[in-house]
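Let's take a stroll through this fold together. Have the sequence and the picture handy as you read.

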Amino acid sequence: MTDTGSDPRRAIPRTDTLLAAPEFAARSVELGADTVKSAIRDAQRRARVGDIAPADVASQALAALDRRARPTTLRPVLNATGVVLHTNLGRAPLSPAARAAMTLAGGYCDVEFDLATGARARRGRGTLAALAQHLPPDAGALVVNNGAAALALVVSALAVATGRPEVVLSRGEFVEIGDGFRIPELLESVGAQIREVGTTNRTHLRDYEAAIGARTGIVLKVHPSNFAVRGFTSAVPVADLAPVCRAAGTPLVVDIGSGLLAPDALLPDEPDARTMLAAAADLVTSSGDKLLGGPQAGLVLGDAGVVERVRRHPLARAVRVDKTTLAALEATLRAPTPTHVALHAPAPVLRERADALAEAIVGRAPGLPIEVVPSAGAVGGGGAPGLELPGWAVALPEALAAPLRLPAPSDTDVTDLPELTDVPAVVGRLDSGRLLLDVRALDPADLPTVAAAVAAAATIATTATSGHRPTDGRP
Ligand SMILES: *Cc1c(COP(=O)(O)O)cnc(C)c1O
């Protein structure tokens, strides 16, 4: 024991003693000696003015370092919104396998290298092979930055670059995806000229036939992924359009948006790549981080010769993906994704999960008004508009919403780096004056964490309304 004498400040541990301790030495390697020293001095200063006990200097300095060690400002969020592909929360969550693959590929890897021969190899060939397993035999595939890049590249290569800049597009498929992003404007931005056919609600085969001509680069079908037109409507199926395009020698491109590779009975209105290629579309484009459940990416799938023409366009290099994306995509294609699991979770399973969450919350925060209620989930990410997925949620007071989003650090020192804390953010959904925590997109393993976060939020909400803040022992 250190002799504290009459002045407790004499018990403050010395800088060099702390620096020599293994936990500080390890952090010096990780974060740099200057950062570690300044954290120690900060904790010593707080002990000197009586903010913390001398015995807590080491642990406070370590806690501060660990908060600082967070590699980025992107904070993890537990998604209790019931929206599986939440655009503002990063769309698809990656599977553990995809995350691990990304980490491994983060170092040097054989992305363009053949380890057997020591020669250069085709970039991302493992990912392309994994994609090919989901496609008709002999189909080609290309991976680019995102769905918008896939479309811009295809239109550049097959229309603008060929001197036939017209893109034939139905007026019923002039889609605004979100955040003001409009597909026709994207096409025009790379030099395409839109040849509008049909009307908002009805487009016929004869409209396409009349429009296809010497200036036509491609015929494009865009899936209206985020809206549905009901009533007196008519659109031309890909299978009917394909022979007309073939006869005219014009590629037929289908932007399916969501990236479903095969039909899904849960989502009968979502087009999938396999069905579209079987219906004789030349190319399909899609996102990688919607229903496919992978990293942000764009896919160009279909006729191998046409895919190769697209790949050779100079813009392909400008929108190519990095090695970590290729790794995550390959791992995504080899196993069920969290997106698929969350979408297909049966209501009774979700009921049990909601009951378990409610029980964990009651154990942590007794007396909190709480109820398990039915809750309609959604696909989100601009997919399957209007489709309600029956599920369950825990209903809590609305006042918990804000502190759950931005929790205080677990050491209750709310003045210390409130933007970087150890408690994960939990985002729920507000409904009729209550906060719903929908369990559909929550990993069952995260339920204790959510319960702890609710208990912490309840403390913050109470102290906020009663006008007190935790004072860290100060008067
Ligand atoms: C989402 C979507 C896009 C854009 O894909 P990003 O990956 O977001 O660039 C394009 N077309 C359709 C039909 C979509 O649904």
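Keep in mind that this is a predicted model. A good place to start is the pair of strands β9 (residues 252-257) and β10 (residues 283-287): they run parallel, and four bridges join them. For instance, Val253 has Leu283 of β10 as its bridge partner.

Now zoom out to the sheet. Seven strands make up this open sheet, lined up as β3-β11-β10-β9-β8-β4-β7, with mixed pairing. β3 and β7 (193-197) sit at the edges with a single partner strand each, so one side of each has no neighbour in the sheet. From one strand to the next, the twist averages 25°.

What packs on the sheet? Helix α7 does, touching β3, β4, β8, β9, β10 and β11. The direction of α7 makes about 150° with that of β10.

α7 (residues 147-158) also meets helix α12 (residues 304-311): their axes come within 8 Å and cross at roughly 95°. The two helices are therefore roughly perpendicular to each other. Here's who makes the contact:

| Helix | Residues in the contact |
|---|---|
| α7 | Leu153, Val154, Ala157, Leu158 |
| α12 | Val306, Arg309, Val310 |

By class, that's six nonpolar residues, one charged and no polar ones.

One more helix to look at: α6 (residues 125-132). Thr127, Leu128, Ala130 and Leu131 are buried there. Looking down the axis of α6, you'd find the buried residues within an arc of 160°, so they line one face of the helix. And what do they pack against? The buried residues of α6 pack against β3 (139-144), β11 (298-303) and α14 (323-333).

Notes: Residues are numbered from 1 along each chain as its sequence is written. This is a predicted model: local features need pLDDT of at least 70, side-chain atom pairs count only at pLDDT 80 or more; totals for chains, interfaces and linings use all residues. Side-chain values use heavy atoms; hydrogens and water are left out. Buried means under 20% relative accessible area, exposed over 50%, partly exposed in between (1.4 Å probe, protein chains only). The arc is that of the directions from the helix axis to the C-beta atoms. Contact means heavy atoms within 4.5 Å. Axes are lines fitted to C-alpha atoms, for helices over the stretch in contact, and angles run from 0 to 180 degrees between N-to-C directions. Angles under 35 degrees count as roughly parallel, over 145 as roughly antiparallel, 65 to 115 as roughly perpendicular and the rest as oblique. Ala, Val, Leu, Ile, Met, Phe, Trp, Tyr, Cys and Pro count as nonpolar, Asp, Glu, Lys and Arg as charged, and the others, Gly among them, as polar. Two strands pair if DSSP finds at least two bridges between them.
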